[in-house]
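The following exercises concern the structure shown below. Each states a task and then works through a solution step by step.

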Amino acid sequence: MSQHFSHTGNGTRQPYVDRALSRRSAVKAMFAAAGAAVLFGMPRLAGAAEATKETTEALNKAQDELDAAQAQLDSISAQFTELSQQLDATMGEIETVQEQIDDTQAEIEQKQVELEGKQEMLSDRVATSYKSGGNTAISLLLSSTSFDELISNVYYIDKVNESDQQAIEDIHTIQAELTQKKADLEEHQAELEELKASQVEQLDAMKAKKDEVQTLLDGLSDDVKELMEKRDAEILEAARQEELARKAAEEAAAAEAESAAQSGGDNSGGGTTSIPGSGQVSAGAGAQQRIVDSAYSTPSPGAGLCAWWVSDVFTNAGFGTVWGNADDMYAAYCTSSNKANLKVGMIIAVPSHPHTSAGAIYGHVGIYVGNNTVRDNIGYIRDIDVDEWIAFYGPTTTPRWGWALGINLEG
């Protein structure tokens with residue numbers, strides 16, 4: 001079964017998980033990973049090995065410029081958001097005013113229909129009166145059978161005329177009011193349209209500025225990344241040179257001690273193959289030698305991937321994949337802190353150490369290859385004295401060792 005993995009910068013393989021990062025978060029994560037990749041698992045050398053002053057100063061300057069550009073972009077984005085909200089409010093108000101204009105126009109049209117109805121009714125009444133010789137009112141009065149009925153009929157005629165006249169006047173008044181209301185709304189709408197146009201113009205200008213700053217930010221990000229890579233390469237090279245110098249000094253001291261012992265008539269019988277309490281000196285069974293050979297032939301998978309390298313060593317030696325972070329390997333396989341139990345081919349690990357943020361979470365792991373030597377990956381593969389390894393990585397938790405995958409390579 002195939003499986004995809006992501007590099008975590010902590011010495012492990014893990015199933016790939018998509019992460020949506022903002023540009024700012026991605027840049028910060030890149031910087032943190034790059035720093036951890038160089039310094040992770042570098043005892044003694046990490047504190048001494050440095051990049052050149054020129055590179056460090058250039059990186060600091062580029063970083064300051066990047067931070068300033070990011071701050072400017074953040075400010076523009078905040079202003080853009082605020083102005084977009086203002087434009088949204090303006091467009092909402094324009095929409096509301098347009099609805100009011102439409103409603104008012106509908107009322108005007110309705111009142112016009114009512115007015116035309118009243119006018120048509122009056123026209124019909126006048127026409128009927130004309131056809132009857134204009135005697136309708138007189139006939140109504142003459143048809144009264146009593147004085148009270150006469151008074152009532154006169155009052156009725158007056159009220160009908162007065163009601164018709166008032167209805168027409170009311171309709172004209174309402175029409176005038178609605179027409180004025182519509183005019184006021186249209187004027188307000190025009191003002192809002194002007195405001196909208198101004199806001200759109202500001203947004204366009206801000207977009208152009210935002211694109212300009214984004215282009216600057218992209219360039220600065222590339223500059224910072226290149227300078228970080230240059231710095232890291234310089235640190236690694238300085239570390240290599242220090243390691244070579246240390247080994248040369250140790251070899252010279254060992255040669256001097258051997259020469260002194262021989263000239264002094266050493267009667268120890270040719271020495272021993274193991275030192276009590278210091279672990280197995282050389283590989284025993286063939287399985288142990290396979291691990292040692294693989295440890296010296298397996299390349300670094302990258303800076304900070306100590307557990308990945310250990311897993312590759314065991315895979316290349318034919319023992320299968322050792323899964324997990326350094327702290328996982330520690331918990332699963334490292335059972336002893338007694339150096340008398342330290343055997344060639346064992347993994348040696350800590351679940352946490354104080355020298356890097358990644359190390360504090362994931363720890364560090366290497367392989368004991370004999371001769372009091374641990375081989376591990378710190379961006380390149382190096383040999384380090386086991387006592388120095390224990391002293392450097394042991395302040396937080398106790399270094400322990402054991403057979404990876406539970407396979408006893410001595411058997």
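**Exercise 1: The nonpolar cores**

In this predicted model, isoleucine 291 is in contact with Val313, Phe314, Ala317, Phe319, Gly345, Ile367 and Leu409, leaving aside its neighbours within four places in sequence. Apart from the core treated in this exercise lies another core, of 17 residues, including Ala62, Leu87, Val213 and Leu220.

Task: State which residues of the largest nonpolar core touch the most other members, and identify the elements that each supply at least two of its residues.

Solution. Step 1: the largest nonpolar core has 43 residues, and those touching the most other members are Ile291, Val310, Phe314, Ile347, Val365 and Ile367. Step 2: at least two residues of this core come from each of α5 (147-263), α6 (286-297), α7 (306-316), α8 (326-333), β3 (347-350), β4 (364-370), β6 and α10 (386-393). Step 3: α7 provides the largest share of this core, namely six residues.

**Exercise 2: The β5-β6 hairpin**

Task: Determine in which sense β5 and β6 pair, and over how many bridges; then state what salt bridge the side chain of arginine 375 forms.

Solution. Step 1: strand β5 (residues 373-377) pairs with β6 in the antiparallel sense, over five bridges. One of the bridge pairs joins asparagine 377 to isoleucine 381 in β6. Step 2: the two strands form a hairpin with three residues between them, and glycine 379 in the turn has a positive phi of about 105°. Step 3: strand β6 (residues 381-385) is mostly covered, with four of its five residues buried. Step 4: the side chain of arginine 375 meets that of aspartate 383 in a salt bridge (2.9 Å, N to O). Aspartate 383 counts as buried because its relative accessibility is 15%, and arginine 375 is likewise buried, with a relative accessible area of 11%.

**Exercise 3: Positive phi outside glycine**

Task: For asparagine 372 and leucine 405, give the phi angle, and decide whether each is buried or partly exposed.

Solution. Step 1: most residues other than glycine have a negative phi. Step 2: asparagine 372 is not a glycine, yet its phi is positive, at about 60°; this residue is found in the loop between β4 and β5. Leucine 405, also not a glycine, has a positive phi of about 65° and lies in the segment after β7 (400-402). Step 3: the cut-off for buried is under 20% relative accessible area. Asparagine 372 has 17% and is therefore buried, whereas leucine 405 has 28% and is partly exposed.

**Exercise 4: Two further salt bridges**

Task: State how many salt bridges the model contains. Then describe the pairs formed by arginine 231 and lysine 339.

Solution. Step 1: the count comes to five salt bridges. Step 2: the side chains of arginine 231 and aspartate 232 meet at 2.8 Å, N to O. Arginine 231 is buried, with a relative accessible area of 18%, and aspartate 232 is buried, with 10%. Step 3: lysine 339 forms a salt bridge with aspartate 387, and their closest N and O atoms are 2.6 Å apart. This pair links distant parts of the chain, 48 residues apart: lysine 339 is in the loop between α8 and β3, and aspartate 387 is in helix α10. Step 4: lysine 339 is buried, with a relative accessible area of 15%, while aspartate 387 counts as partly exposed at 36% relative accessibility.

Technical notes
Residues numbered from 1 in each chain as written. Predicted model: local features only at pLDDT ≥ 70, side-chain atom pairs only at ≥ 80, totals over all residues. Heavy atoms only, no water. Buried < 20%, exposed > 50% of the residue type's maximum accessible area, 1.4 Å probe, protein only. Pairing = 2+ DSSP bridges. Core = buried A, V, L, I, M, F, W, Y, C linked by side-chain atoms within 4.5 Å. Contact = heavy atoms within 4.5 Å. Salt bridge = Lys/Arg side-chain N within 4 Å of Asp/Glu carboxyl O.
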